[in-house]
Every structure is written in C-alpha cells, then in structure tokens.
Amino acid sequence: MLVRDVMTVYPVFIHHDAMMRQAAEIISIAEISDLMVVDDNGQFFGVLSEGDVIRAVLPDVAEIEAIGGTLDAAFGAFVRKGAELAQQPIAPLVITDPITLRPDDDAAVAATVMVEKHIRRLPVVDDGRLVGTISRSDLCRGVVYYSP
C-alpha cells in the first residue's frame, strides 16, 4: 500500500504570511493538529503544529510566580498571551523543515515515522508542491479497507 492510496488529497492549508488568529480558527474548525503552510506560489512551506501554538501562549513558572502564583493568575496570563499572539504572523512558529513523504512512498514507512516520532499528520509533497497529507486515521482506514 502506498501513501497515495490512503492520503487525504484535499489538505487543509494556510498561506505563510497569515496571522495566528486565522490559523487558530482553521485548526479549530477543521479539527486538525497540524496545519500545512504554503507560499504565494502554492509551494510547500512548512507545518504549523497546534502544540507549538499552545506552547507559545503557556506562561512559564517564573511568569506565574511573578503575577501571584495562583491558577487564576496563570489563566489570566494564558488568555493575555493568546490575545497578543493572535495578532502575530504565523511564520515564527512554522516548522520549515518537517518530515515529508512522497505519494509513492510505502504507507508502512509513514506509519513507522508517525509512531516513532509521535507525529499525527505528515505532509505529502511532490516536486515541491503540497499534494496531500497522511494521518494516523488515514493509515487505520487503509489497513481496514485495503487488507486482503
């Protein structure tokens, strides 16, 4: 079974010059954990991970202690940092050298990489262009439908 046999061919993506508010909305609406990023020419640019977005707004221990050390203070800092981040470009948080796959790669390679690296979704790139994504659920579906 090849990646092309099970990949999602209409990947959810955003342009590299977008703002975080738009990215967060897309991640939330599409219910995805990794948002593909393309440049103005449609070339693959990188991946924006929901985990990286969340880490960017989480206050650190020193910050929480400086504002009172309470759960309310931590939540307030989280909300404040989120509002600040919403107005920022996505570029600083984009992973520009992610692991990618090609449509002709073996799906077992995709599964192995995802399990070993704890990745939920990988971009599928052909000649520099984003042509799809493959997720763990795509692989599960492939095992069920493409098994002999």
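Where is Met1 found? Met1 sits in the segment before helix H1 (3–6). Helices here are DSSP runs of H or I with at least four residues, strands are E runs of at least two, and both are numbered from the N terminus.

Some ground rules before going on. This is a predicted model, where local features need pLDDT of at least 70, side-chain atom pairs count only at pLDDT 80 or more, and totals for chains, interfaces and linings use all residues. Residues are numbered from 1 along each chain as its sequence is written, and side-chain values use heavy atoms, with hydrogens and water left out.

## Overall layout

The protein chain has 7 helices and 5 strands. Read from the N terminus, the order of elements is α-β-α-β-β-α-α-α-α-β-β-α. The C-alpha atoms fit a box of roughly 60 × 35 × 25 Å along the principal axes. Of the 148 residues, 38% count as buried; buried means under 20% relative accessible area, exposed means over 50%, and partly exposed is what lies in between (1.4 Å probe, protein chains only).

The accessible surface of the protein chain comes to about 8800 Å², and 56% of that belongs to carbon and sulfur atoms. Areas come from the Shrake-Rupley method with a 1.4 Å probe, and for residues only the protein chains shown count as cover. As for contacts (heavy atoms within 4.5 Å), take the ones between residues at least 6 apart in sequence: 57% of them join residues at least 24 apart.

## Helix H2 and strand E2

Helix H2 (residues 20–30) has a buried set made up of Met20, Ala23 and Ile27. These residues are on the same side of H2, because they cover an arc of only 60° around the axis, the arc being that of the directions from the helix axis to the C-beta atoms. The general rule is handy here: an α-helix has 3.6 residues a turn, so residues three or four places apart point the same way. Over on the other side of H2, Ser28 and Ile29 are exposed.

What do the buried residues of H2 pack against? Their partners are strand E1 (13–15), strand E2 (34–38), strand E3 (44–49), helix H3 (50–57) and helix H5 (71–86). Just after H2, Glu31 takes a positive phi of about 55°.

Strand E2 is largely enclosed by the rest of the structure, because 5 of its 5 residues are buried. Asp34, Met36 and Val38 are buried on one side, and Leu35 and Val37 are buried on the other, so both faces of E2 are covered. E1 and E2 run parallel, joined by 3 bridges; strands pair if DSSP finds at least two bridges between them. Ile14 has Val37 in E2 as its bridge partner.

## Salt bridges

With a salt bridge taken as a side-chain nitrogen of Lys or Arg within 4 Å of a carboxyl oxygen of Asp or Glu, the count comes to 8. Here are some of them.

| Pair | Closest N to O distance |
|---|---|
| Asp104 and Arg4 | 2.7 Å |
| Glu50 and Arg120 | 3.5 Å |
| Arg141 and Asp138 | 3.1 Å |

The Asp104 and Arg4 salt bridge links distant parts of the chain: Asp104 is in the loop between H5 and H6, Arg4 is in helix H1, and the two are 100 residues apart. Arg4 is partly exposed, at 42% relative accessible area.

Glu50 and Arg120 meet in a salt bridge too. Glu50 lies in helix H3 and Arg120 in the loop between H6 and strand E4 (121–126), so this pair ties together parts that are 70 residues apart in sequence. Glu50 is partly exposed at 28% relative accessibility.

Arg141 and Asp138 are separated by about one helical turn, because they are 3 residues apart in helix H7 (residues 136–145). Arg141 is partly exposed, with a relative accessible area of 36%, whereas Asp138 is buried at 3%. Elsewhere, Glu63, Arg80, Lys81 and Glu84 are joined into one network by salt bridges that share partners.

## Asp105 and the Met1 patch

Asp105 is in the loop between H5 and helix H6 (107–117). Asp105 is buried, with a relative accessible area of 14%, and touches Leu2 and Val3, not counting residues up to four places away in sequence. Asp105 and Val124 are 19 residues apart in sequence and 9.4 Å apart in space, C-alpha to C-alpha.

Back to Met1, which is partly exposed at 39% relative accessible area. Met1 forms a nonpolar surface patch with Val143, Val144, Tyr145 and Tyr146, with about 580 Å² of accessible area together. Patches take residues with over 30% relative accessible area and no salt bridge, joining like charges within 9 Å and nonpolar side chains (Val, Leu, Ile, Met, Phe, Trp, Tyr) within 5 Å.
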